Amino acid sequence: MIQNQQGTLPDAIADIAGVNSFRDALVEAGLLISTGVRGLFGRSGQFERVVEALDALITRLGADQQAEVLRFPPAMSRPEFEHSEYLKGFPQLAGTVHSFCGGEQEHQRVLQCLDSGEDWTENQKPTYVVLTPAACYPVYPVVAQRGPLPEQGRIVDVFSYCFRHEPSLDPTRMQLFRMREYIRLGTPDQIMAFRSEWIERGTRMIDLLELPNSIDLANDPFFGRGGKIVARSQREQNLKFELLIPIESPEKPTACLSFNYHMDHFGLLWGIKTHDAEVAHTGCVGFGLERLTLGLFKHHGFDIDTWPKTVRDALWDHA
Ligand code: AMP
Ligand code: ZN
């Protein structure tokens, strides 16, 4: 518990630091920089060297796909976010951007509140900006606007910081982290083929990095009682697989890659059509860049120069 000026808040609400030995070791080594808020870190140059090398490795692995590269800031339009139904499944994870929208008088009130430790956020109003929850979210409306997909469908390459409000002591569960994704849009057969191909390629990538791994069926953390039913149905239909690497705990390995089949969910929502006017199906493969980086530091040590040469070659010497 911490004491703030409004009284005592439980840790989960206060969202402050606590003890986790792997996280503390990473901070001690300077790889992560603590901000005092759970799951919100700075990164060192060495950490970023690994993130960049992983990103480039993913580009090389997917080079044959002729994916269209699209980049967005780590935020999306609120109307599009509302339309995406993210709030139906994951209201607990969403992050919305609010800004001060008052006048002089309200400004004085903010300053007084800050002085006296009262709540100053009364005049913070929602903007049209929402933090991106998954790198693929801004893509669907853009592709929908272009009209029907070509016969071979499309593959889009995205990379974004993503926000999820899941403050945790576990350094592999961050509130702001980077996700690289390939998104496949097309017919059910095209999506299924893409997903099998990427389960194979993703496993090859992690083997190359000499990290222990396994593939398992998974579900998303849908909210509430109704969410349990949705999660069960997602599992029954084999819609989500994850590549797991033991990082924070050997018993509970961490999802580092995910392979998702959304069926016609986004196609229906956004009106995306195939070349022959069917509702498009979609899927995506997502790479969690911080989790992969933490996996490498966990298994090969905090000093990149002492990593196995084979691993360093896979990341940096691939000419
Ligand atoms: P998901 O959309 O939940 O399947 O996430 C895609 C990928 O992002 C996962 O496989 C993880 O590697 C990564 N990821 C998800 N949540 C977090 C988090 N809280 N912190 C760091 N990485 C995450
Ligand atoms: Zn996705």
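**Exercise 1. Describe the surface and overall build of the chain.**

Solution. The accessible surface of the chain comes to about 15700 Å², and 54% of that area belongs to carbon and sulfur atoms; accessible areas come from the Shrake-Rupley method with a 1.4 Å probe, and for residues only the protein chains shown count as cover. The model is a predicted one, in which local features need pLDDT of at least 70 and side-chain atom pairs count only at pLDDT 80 or more, while totals for chains, interfaces and linings use all residues. Residues are numbered from 1 along each chain as its sequence is written, chains are lettered from A and ligands numbered from 1 in the order in which they are written, and side-chain values use heavy atoms, with hydrogens and water left out.

The next step is the fold inventory: the chain has twelve helices and 14 strands, where helices (H or I, at least four residues) and strands (E, at least two) are DSSP runs numbered from the N terminus. With a radius of gyration of 21 Å, close to the 20 Å that the globule rule gives for 319 residues, the chain is as compact as a globular protein of that length; the radius is taken over C-alpha atoms, and the rule is 2.2 Å times the number of residues to the power 0.38. The C-alpha trace spans about 60 × 50 × 40 Å along its principal axes.

Buried residues make up 45% of the 319 residues, with buried meaning under 20% relative accessible area, exposed over 50%, and partly exposed in between (1.4 Å probe, protein chains only). Of the contacts with a separation of 6 or more, 68% are between residues 24 or more positions apart, a contact being heavy atoms within 4.5 Å.

**Exercise 2. Work out which residues coordinate the zinc ion (ligand 2), and where the two cysteines sit.**

Solution. The zinc ion (ligand 2) is coordinated by Cys 136 (SG), Glu 181 (OE) and Cys 284 (SG), at 2.2 to 2.3 Å. Donors are N, O and S atoms within 2.8 Å of the metal (3.2 Å for Na, K and Ca), and water is not among the atoms, so sites may look incomplete. Along the chain the donors follow the spacing C-x44-E-x102-C. The cysteine pair links distant parts of the chain, 148 residues apart: Cys 136 lies in the loop between β8 (124-131) and α7 (139-145), and Cys 284 in strand β14 (residues 281-288). Cys 136 counts as buried because its relative accessibility is 3%, and Cys 284 likewise counts as buried, at 4%.

**Exercise 3. Trace the contacts of Leu 61 and Ile 199.**

Solution. Begin with Leu 61, which is found in helix α3 (residues 45-61). Not counting residues up to four places away in sequence, Leu 61 touches Trp 198, Arg 201 and Met 205. The C-alpha atoms of Leu 61 and Met 205 are separated by 8.0 Å, although these residues are 144 apart along the chain.

Turn then to Ile 199, which lies in helix α8 (residues 188-208) and, with the same exclusion of residues up to four places away, touches Ile 215, Phe 241 and Phe 259.

**Exercise 4. Compare the settings of Gln 66 and Glu 85.**

Solution. Gln 66 is found in the loop between α3 and β5 (68-69), and its phi is near 50°, a positive value in a residue other than glycine. Gln 66 is exposed, with a relative accessible area of 70%.

Glu 85 is found in the loop between α4 (78-83) and α5 (86-89), with phi near 70°, a positive value in a residue other than glycine. At a relative accessible area of 32%, Glu 85 is partly exposed.
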